[in-house]
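Visitor: Please take me through this structure, and explain the terms as they arise.
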Amino acid sequence: MNGRIMQSAKQKVIVEGLWHNNPVFRQVLGICSTLAVTNLVLNTVVMCVALIFTLSLSAASVSVLRKLTPRNIRMMVETLIIAFYVIIVDVLLKAYWPEMSSNLGPYVGLIITNCIVMGRCEAYGNSNPPSLAFLDGLFNALGYSFVLLIIATFREVLGMGTFLGFSVPYFSGPNWDKWIVMVMPPGAFFMLAVVTWIFRSVQSRKEQS
Amino acid sequence: MIKEKKWFPVIYMFLVTALLSSIVIGFTQFTSNRVEANRKLAFEKAVLAVLPGLSDEKEKATGLQLHLRFAEKVNEPDDYSAGAYTLIGSGKIIAYALPISGRGFWAPIKGIIGIEADRKTITAIAFYQQNETPGLGAEITKPEFRDQFKGKVMRMGEKLLSFERPGTKLDKNSVHALTGATQTSTRLETIINDALKKWQQQLGDGLDRN
Amino acid sequence: MNIETEMSQAFVVCISAIFTQNILLSYFLGLCPFIGVSREIKTAFGLGLAVIFVMTSTSLLNWLAYHYVLEPLGLHFFRFILFIIIIAAFVQFIEMVIDRYSPTLYQNLGVFLPLITVNCAILGASLFMVIRDYSFIVTIGYGLGSGIGWFLAIIAMAGIRQRLSNERIPQGLQGAGITLIIAGIMALAFIGFTGVLQ
């Protein structure tokens with residue numbers, strides 16, 4: 001690809017991943033592994049960092065191997081590559097940040113079946129050069145992260161009165177009755193629904209104007 | 001073309017798996033010492049937390065200091081302590097630290113429960129492994145929940161310690177369960193009671209033996 | 001443990017996997033197809049049945065693989081890779097079998113099978129089976145129960161969404177938004193089952 005085409009392809013990837021084709025409120029993919037940890041902002045941050053690492057590197061790796069991999073086993077190979085990066089993250093956490101590893105529990109391992117990771121590898125990694133695949137993975141993961149962080153902020157502040165573990169002035173005081181439902185699974189669903197609603201409405205209004 | 005041979009997918013799969021696996025194994029080996037050390041330290045920290053006078057929530061001891069303190073002050077379980085670690089002073093047992101474990105909501109919960117020399121009063125409880133829902137079940141590790149156990153007494157009968165609904169009145173044999181974390185609370189109650197009952201039984205057998 | 005206690009434990013585990021510890025509504029697994037494929041009862045029914053079948057079978061296959069291959073070799077952390085390979089291979093195999101023996105069934109069901117490979121509930125069930133150290137018989141109950149629980153949830157969701165198909169829903173909420181709200185209400189409802197089994 002020549003320089004000009006490459007440049008605009010890169011821009012396209014960035015804008016798509018972050019906004020137009022956002023994994024969370026547009027594609028609605030990859031929700032499982034992160035919804036359960038969004039009740040604390042800190043855990044969400046770690047989880048998102050793990051996802052950024054895994055998605056961008058997996059997409060790039062799949063892309064590097066795309067000309068060699070036989071068509072009929074490509075999903076298994078993609079899964080192997082994703083599992084590889086996830087295990088590395090899991091092992092690193094266990095060794096260097098054990099408390100966080102136990103907080104994230106089974107969810108780090110479940111990034112392997114996270115539909116977004118598999119989805120982007122299949123949809124983009126298989127048919128584009130490594131540098132673009134890496135960017136696509138990176139910006140999809142960033143688009144995913146910022147939405148999840150918004151959800152986590154609301155859940156932690158409304159449900160526990162803290163942010164990143166620190167007490168928030170009004171919400172941790174006696175005048176605020178903590179919304180326990182925000183800390184539990186239903187709260188995650190409702191928050192995600194509201195966020196999806198808001199972002200989609202903004203998007204369609206922008207498209208109409 | 002080599003790609004179209006029937007056996008190519010199998011060989012390819014095998015090669016990719018072998019390559020990735022060896023890197024993973026290498027990584028795991030490289031960090032396994034650390035992981036093991038972390039695990040051991042978590043266990044020792046929990047034991048120190050329940051034995052009176054051996055740890056202070058506010059102090060910032062290093063891992064090494066804690067490890068040394070454990071080696072120096074804590075005694076391994078023997079026939080007379082029925083599986084519990086002990087703190088001994090002036091030739092007598094001051095307190096017991098009993099490991100407890102069992103199934104939580106997500107994964108096994110493992111902790112240590114401290115009991116005074118009278119074998120009935122609880123000193124404290126600490127956890128060294130749990131994977132419960134952050135903000136809900138995982139709150140068992142927070143002081144707000146754990147502090148409830150200080151000074152509680154095991155009752156005679158079926159349920160030695162009970163978990164009551166938040167908001168209800170407590171007596172000296174009960175603590176409040178966690179709001180919104182019913183599953184974890186129920187399981188923890190079972191884990192604690194099973195472990196304490198078994199311990200008392202084994203202790204009784206041990207005493208009979210003298 | 002003798003056979004009788006194992007079977008009664010398997011039964012309890014099965015019932016709790018359907019109601020009080022529903023793999024979708026309590027553990028959040030298998031959400032993507034749940035939100036994406038729950039528009040009509042017919043498709044949800046097909047996918048749900050396929051999930052029950054695959055979940056039960058792969059839990060058992062993974063049990064065998066874990067206890068007879070990984071454990072003796074001390075390669076516990078390999079379970080992520082091995083389980084996924086077994087699930088993917090099993091689904092691929094089933095796809096071939098169905099295609100060969102019943103093209104009509106393949107037409108209806110075949111499109112779901114690749115979706116099942118990435119259904120995190122399938123891998124999740126196997127991982128839980130390992131963490132909780134279930135025996136073979138109990139795993140039958142667990143795999144079956146988790147599958148039925150997932151099936152129940154997606155059928156209920158499809159039923160509700162079909163009912164809502166004639167209602168006026170704000171544009172931003174259509175599709176994923178309203179589905180998530182329904183899921184939240186269902187999750188709340190299922191919490192009510194918690195005290196049923198001790």
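Guide: The following exchange sets the computed values against their definitions.
Guide: This is a predicted model, in which local features need pLDDT of at least 70 and side-chain atom pairs count only at pLDDT 80 or more, while totals for chains, interfaces and linings use all residues. Residues are numbered from 1 along each chain as its sequence is written, and chains are lettered from A and ligands numbered from 1 in the order in which they are written.

Visitor: Why are H3(A) and H6(A) called roughly parallel?
Guide: Helix H3 (residues 41-64) of chain A packs against H6(A) at an angle of about 30 degrees, with the axes 9 Å apart. Angles under 35 degrees count as roughly parallel, and therefore H3(A) is roughly parallel to H6(A). Axes are lines fitted to C-alpha atoms, for helices over the stretch in contact, and angles run from 0 to 180 degrees between N-to-C directions. Helices here are DSSP runs (H or I, at least four residues), and strands are runs of E of at least two, numbered from the N terminus.

Visitor: What makes E2(B) and E3(B) a pair?
Guide: Two strands pair if DSSP finds at least two bridges between them. E2(B) and strand E3 (residues 92-103) of chain B have 5 bridges, in the antiparallel sense. Thr86(B) has Tyr96(B) in E3(B) as its bridge partner. The two strands form a hairpin with 2 residues between them, and Ser90(B) in the turn has a positive phi of about 50 degrees.

Visitor: What joins E1(B) to E2(B)?
Guide: Strand E1 (residues 74-75) of chain B is joined to strand E2 (residues 85-89) of chain B by 2 bridges, and they run antiparallel. Val74(B) stands opposite Leu87(B) in E2(B).

Definitions and conventions:
Angles under 35 degrees count as roughly parallel, over 145 as roughly antiparallel, 65 to 115 as roughly perpendicular and the rest as oblique.
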